[in-house]
Amino acid sequence: MSKINEIFKNTSWLLISQIITSIFGFVWIVLLARYLGVSDFGIMNFAISFTSIMSIFIDLGINTYVTRDLSRSPELSQKYIGNAIPLKIFLSILSFIATLVILLIMDYNLLSIQVVLLFAIQTIFLSMGWLFNGVFQAFSKMKYQAIGIIINSSLILSGTLLLTYFNLGLIAVALSYMVGSIITLIYLYNNIKNKIVIPKIQIDLDFWKKSIKQAIPFGITGIFTTIYFMIDTVMISFMAGNTAVGIYSSAYKIITVFTTIYTVYTYVVFPLMSKLYKDSEDLLKISYEKSIKYLIMIMLPFAIGITIYSQDIITLIYGKSYIFAGDVLKILIWNVLFIMINGASTSLLNSSNSEVAVTKINGLACLVNVVLNLFLIYYLSYIGASIATIITGVIIFILMTYIILKNKYKPDKSLIYGIVKICVSGLILAIILLILNLSMWIALPVAIIIYLIGIYLTKSLDSTDKAVIKEIIGK
């Protein structure tokens with residue numbers, strides 16, 4: 001099987017799972033937002049954001065490190081997995097204790113503490129599952145990761161339906177998330193054991209020390225990235241209250257639907273880039289250029305459409321009580337473009353042993369993000385957090401582009417021309433939608449047709465792109 005078909009097969013599995021998860025997630029988020037109300041929905045999202053920050057200390061970059069090294073040396077899987085499992089258990093215990101101490105020091109109410117701790121337990125099981133998913137990525141067996149994702153989302157949706165029907169409350173929400181992660185981990189472990197290698201627990205302290213040292217740049221980057229994505233919700237909770245968190249989070253949940261495209265990309269392409277760094281630097285450069293082009297081509301029409309129809313989308317999904325989230329949505333949707341471009345650049349740099357540069361960039365961006373949030377949330381509440389997020393995304397883009405332009409993976413000018421053509425197609429789409437002023441449902445099919453015509457007229461797809469499409473469909 002050619003590399004393109006292998007990528008397409010793994011991407012298809014993950015994309016299908018992410019589509020299913022996005023649909024299920026959309027349903028359970030809408031149900032929970034309406035069931036819990038703005039305040040309790042804010043508590044839930046604070047707990048998720050808080051424990052997401054906690055998760056980086058459970059991982060410390062180990063998952064990414066294991067994925068990259070096993071992509072290059074799969075014969076070492078027994079040693080890597082056997083040592084990574086007890087190491088993550090040890091880190092999980094420390095992180096859980098630290099979480100409890102922080103909550104007590106911050107003097108949160110009992111309900112908030114209980115919800116956060118339940119989500120903390122869920123995060124521990126999720127983190128171990130991410131380790132196994134990294135192994136599947138290294139061995140190009142994303143089918144099992146995809147099925148695990150579907151299992152987890154199905155269980156959360158089922159739990160949401162039950163708890164809303166029987167009116168079980170916020171604690172039951174946290175429990176449903178936790179149960180889903182436990183059952184998913186059992187599934188992933190069984191398939192690691194049956195399809196790749198039987199994990200044998202090892203406590204090699206020298207290997208632990210070496211692994212942590214090698215993984216630290218990934219871990220620090222994870223800390224900065226998670227803070228960048230999650231600290232805004234935590235800071236809004238401190239500075240503006242749970243209602244503001246509910247408004248901001250409702251828009252952010254829609255954004256996460258689109259970031260699944262980036263997630264699928266990372267799962268599939270990062271292990272491939274790690275292999276190409278060892279085998280073919282020319283192909284590594286090409287894979288980066290095509291990644292940037294395709295991610296922009298996919299996301300740009302969504303950003304334009306959601307900006308124009310943000311209020312309609314929010315009202316349709318959450319109801320009029322969340323109407324102010326429309327302004328948040330039209331700002332945050334543009335950050336998805338930067339998330340995708342920056343994600344491609346991160347994969348290139350991490351796969352080519354330039355993870356220290358990624359760490360420095362994300363560290364600076366994280367600092368800027370926190371400072372901006374302190375200032376902008378104080379004056380503009382959740383709108384300020386939205387502005388801080390997109391400014392940070394732009395800063396990361398500028399810095400990563402600067403680093404890449406200085407090394408041997410500098411993109412050809414053809415990439416710039418391709419992006420300009422795509423942007424022209426997007427501009428045509430935006431102008432026509434604004435002039436026609438159609439209802440959202442009529443605008444959807446019209447926008448698809450207009451954008452595809454624009455892509456065709458601007459010749460945004462070159463001969464290489466067409467060859468890739470032909471190989472994928474087998475022609």
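1. Salt bridges. In this predicted model, the count of salt bridges comes to 2. One of them joins the side chains of K88 and D59, with an N to O distance of 3.5 Å. K88 belongs to helix α3 (residues 77–105) and D59 to helix α1 (residues 3–59), so this contact ties together parts that lie 29 residues apart in sequence. K88 and D59 are both buried.

2. The other pair. R68 and D69 also meet through their side chains in a salt bridge, at 3.6 Å from N to O. R68 has a relative accessibility of 4% and therefore counts as buried. D69, at 15% relative accessibility, counts as buried too, because the limit is under 20%. As background, side chains of opposite charge can pair when their charged atoms come close.

3. Aromatic pairs. Searching the whole structure gives 15 aromatic pairs. W28 and Y177 make one that is edge-to-face, with 6.2 Å between centres and 85° between the planes. This pair links distant parts of the chain, as W28 sits in helix α1 and Y177 in helix α6 (residues 170–195), 149 residues apart. Both W28 and Y177 are buried. A second example is F375 with Y379, a tilted pair with 5.0 Å from centre to centre and 55° between the planes. F375 and Y379 are 4 residues apart in helix α12 (residues 355–406), so about one helical turn separates them. Unlike the buried W28 and Y177, F375 and Y379 are both exposed.

4. Ring cluster. Which residues do ring pairs link into a cluster with W28? They are F119 and Y177.

5. Cavities. The whole structure holds 2 cavities of 30 Å³ or more. The second largest cavity encloses about 50 Å³ of space. Its lining consists of I62, Y65, V66, Y80, N83, A84, L87, F207, W208 and S211. Two or more lining residues come from each of α2 (62–72), α3 and α7 (205–240). Helix α3 gives the largest share of this lining, 4 residues. By class, the lining of the second largest cavity has 8 nonpolar residues, 2 polar and no charged.

6. Pocket. The second largest pocket has a volume of about 420 Å³. There are 22 residues in its lining, and those nearest the centre of the pocket are F397, T401, L415, I416 and I419. Helices α9 (281–308), α11 (325–351), α12 and α13 (413–436) each give at least two residues to the lining of the second largest pocket. Which element supplies the largest share of that lining? Helix α11 does, with 6 residues. The lining of the second largest pocket divides into 16 nonpolar, 3 polar and 3 charged residues, whereas that of the second largest cavity has no charged residues.

7. Confidence. The mean pLDDT of the chain is 84, and 91% of the residues score at least 70. Where in the chain is confidence lowest? Helix α15 (residues 463–473) has the lowest mean, 63, and α6 has the highest, 92. Where pLDDT is low, the predicted coordinates should not be read in detail. Y177, the partner of W28 in the edge-to-face pair, lies in α6.

Technical notes: Residues are numbered from 1 along each chain as its sequence is written. This is a predicted model: local features need pLDDT of at least 70, side-chain atom pairs count only at pLDDT 80 or more; totals for chains, interfaces and linings use all residues. Side-chain values use heavy atoms; hydrogens and water are left out. A salt bridge is a side-chain nitrogen of Lys or Arg within 4 Å of a carboxyl oxygen of Asp or Glu. Buried means under 20% relative accessible area, exposed over 50%, partly exposed in between (1.4 Å probe, protein chains only). Rings of Phe, Tyr and Trp (its six-membered ring) pair if their centres lie within 6.5 Å; planes under 30 degrees apart count as stacked, over 60 as edge-to-face and the rest as tilted. pLDDT is the predictor's confidence in each residue, from 0 to 100. On a 1 Å grid over the protein atoms alone, a cavity is a set of points where a 1.4 Å probe fits but cannot get out, and a pocket is an open set with protein on both sides within 12 Å along at least five of seven lines; lining residues have an atom within 4 Å of a point. Grid points are joined across faces, edges and corners, and a volume is the space filled by probe spheres set on the points. Ala, Val, Leu, Ile, Met, Phe, Trp, Tyr, Cys and Pro count as nonpolar, Asp, Glu, Lys and Arg as charged, and the others, Gly among them, as polar.
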